Amino acid sequence: MFTSLKNSMPMSVWYMLISALGFALMSACVKEVSALGIPVFEIVAARAIVSGLISYADIKRKKISMWGNNKSLLIARGCVGAFALMFVYYAVTTLPLAEATVLQYLHPVFTAVLALFFLKEVIQRSTIACICISLIGLFIIIQPNLQVGSGVQYPWLSIGAGVLGAFGSAIAYIIIKKLTKTDDSSVIIFYFPLIALPISIILLGDDFVVPSLAATGLLILIGIFTQVGQVGLTKALHCADANKATAYAYVQILFSVFIGWAYFSEVPAVTTIIGGGLIMFGALVNVFWKR
């Protein structure tokens, strides 16, 4: 049965599911290490160091140049990705894990629209259906938080950071899609820590906190899970259109809901369960709807 399911799903889907799980575990580690007093910019810097070392080793293994071909786009990818990550991390550290992930995963909508204009990709009906169904699921999840007097109010700064992080991620995905035509995936990934590290160190300034042993372990895990997510994402975008590949990324919301419940004791509401079910249904529509 598993073999039949595997054969019926394109490789881009499997890469995107691996990417979603990697990023969900990364977000959980970010939330946990922030509770230990590590600033957001320091978390970004630590992630960049670990990702940079892994990417550099992979580039050396492939025996290719680390500087790539399309340097202007590679630098742009690094800059956009760095600031998007800072917004995402701020949202993760100041909101419940499920809600922060929901805001972050507005990016497939932004990606589909940007891909239409900048990559001239045609948005297929299956992708439109997936986005519409998933957005309904997203609205159901966050709807109680939008009601006045509901008792659940989140800082607008955190919500805005989540939306900006999603928009920045969409721009980064469009750039990555263009770069897959000229540069190796390891080089594309390497440019993110190459740019993010100096930016985060400058913004961190004098706020550096010496991490404990537990915090150090979590920071290393953030870098490792990030690498898993980045590799899966880059390979998925190489195998499929940007708007279709990133639509599957909604599954990270379900991963985050489960992690939030199992580890952070964040019990999901009924609306979260219903919305998550719609998101999964939207992803399946995108996979199995034949043109």
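**View 1. Helix H5 is mostly covered, with eight of its eight residues buried.** Here we look at H5, residues 97-104, in a predicted model. The buried residues of H5 are Leu97, Ala98, Glu99, Ala100, Thr101, Val102, Leu103 and Gln104. So the list takes in Glu99 and Gln104 along with Leu97 and Val102, because buried here just means under 20% relative accessible area. For the wider setting, buried residues make up 51% of the 291 residues in the protein chain. That chain has 13 helices and zero strands. Read from the N terminus, its elements go α-α-α-α-α-α-α-α-α-α-α-α-α.

**View 2. Helices H4 and H8 pack against one another at about 155°.** In general, a pair of packed helices is described by the angle between the axes and the distance between them. For this pair, H4 covers residues 71-94 and H8 covers residues 156-179, and their axes are 7 Å apart. The angle makes H4 roughly antiparallel to H8, because anything over 145 degrees falls in that class. As for handedness, the crossing of H4 and H8 is left-handed. What kinds of residues make up the contact of H4 with H8? They divide into 17 nonpolar, six polar and two charged.

**View 3. Arginine 61 and aspartate 58 form a salt bridge in helix H3.** The closest N and O atoms of arginine 61 and aspartate 58 are 2.7 Å apart. Both residues belong to H3, which spans residues 40-62, and they sit three residues apart, about one turn of the helix. The general picture fits: an α-helix has 3.6 residues a turn, so residues three or four places apart point the same way. Is arginine 61 buried or exposed? Arginine 61 is exposed, with a relative accessible area of 58%. Its partner, aspartate 58, counts as partly exposed at 23%.

**View 4. Aspartate 58 also forms a salt bridge with lysine 62.** This time the closest N and O atoms are 3.9 Å apart. That still counts as a salt bridge, because the cut-off is within 4 Å. Aspartate 58 and lysine 62 are four residues apart in helix H3, so about one helical turn separates them. Lysine 62 is partly exposed, with a relative accessible area of 29%.

**View 5. Lysine 62 meets aspartate 184 in a salt bridge that links distant parts of the chain.** The N to O distance for lysine 62 and aspartate 184 is 2.9 Å. Where do the two partners lie? Lysine 62 is in helix H3, while aspartate 184 is in the loop between H8 and helix H9 (185-204), and the pair is 122 residues apart. Aspartate 184 counts as partly exposed, at 29% relative accessibility. Salt bridges with shared partners join Asp58, Arg61, Lys62 and Asp184 into one network. How many salt bridges turn up in a search of the whole structure? The search finds three.

**View 6. Arginine 77 in helix H4 is buried.** The relative accessible area of arginine 77 is 4%. Across from it in sequence, phenylalanine 192 is 115 residues apart along the chain, yet the C-alpha atoms of arginine 77 and phenylalanine 192 are separated by 6.9 Å.

**View 7. Isoleucine 199 and cysteine 79 have C-alpha atoms separated by 8.5 Å.** These two residues are 120 residues apart along the chain. Isoleucine 199 has its place in helix H9. With a relative accessible area of 19%, isoleucine 199 is buried, since the cut-off for buried is under 20%. Cysteine 79, on the other hand, counts as partly exposed at 29% relative accessibility.

**View 8. Cysteine 29 is buried, with a relative accessible area of 8%.** A disulfide, as a general matter, is a covalent bond between the sulfur atoms of two cysteines. How many disulfides does the model have? The count comes to zero, given a cut-off of 2.5 Å between sulfur atoms.

Key:
Residues numbered from 1 in each chain as written. Predicted model: local features only at pLDDT ≥ 70, side-chain atom pairs only at ≥ 80, totals over all residues. Heavy atoms only, no water. Axes fitted to C-alpha atoms, helices over the stretch in contact; angles between N-to-C directions. Helix = DSSP H or I, 4+ residues; strand = E, 2+ residues; numbered from the N terminus. Parallel < 35°, antiparallel > 145°, perpendicular 65-115°, else oblique. Left-handed = near helix turned anticlockwise from the far one by under 90°. Nonpolar A, V, L, I, M, F, W, Y, C, P; charged D, E, K, R; others polar. Salt bridge = Lys/Arg side-chain N within 4 Å of Asp/Glu carboxyl O. Buried < 20%, exposed > 50% of the residue type's maximum accessible area, 1.4 Å probe, protein only.
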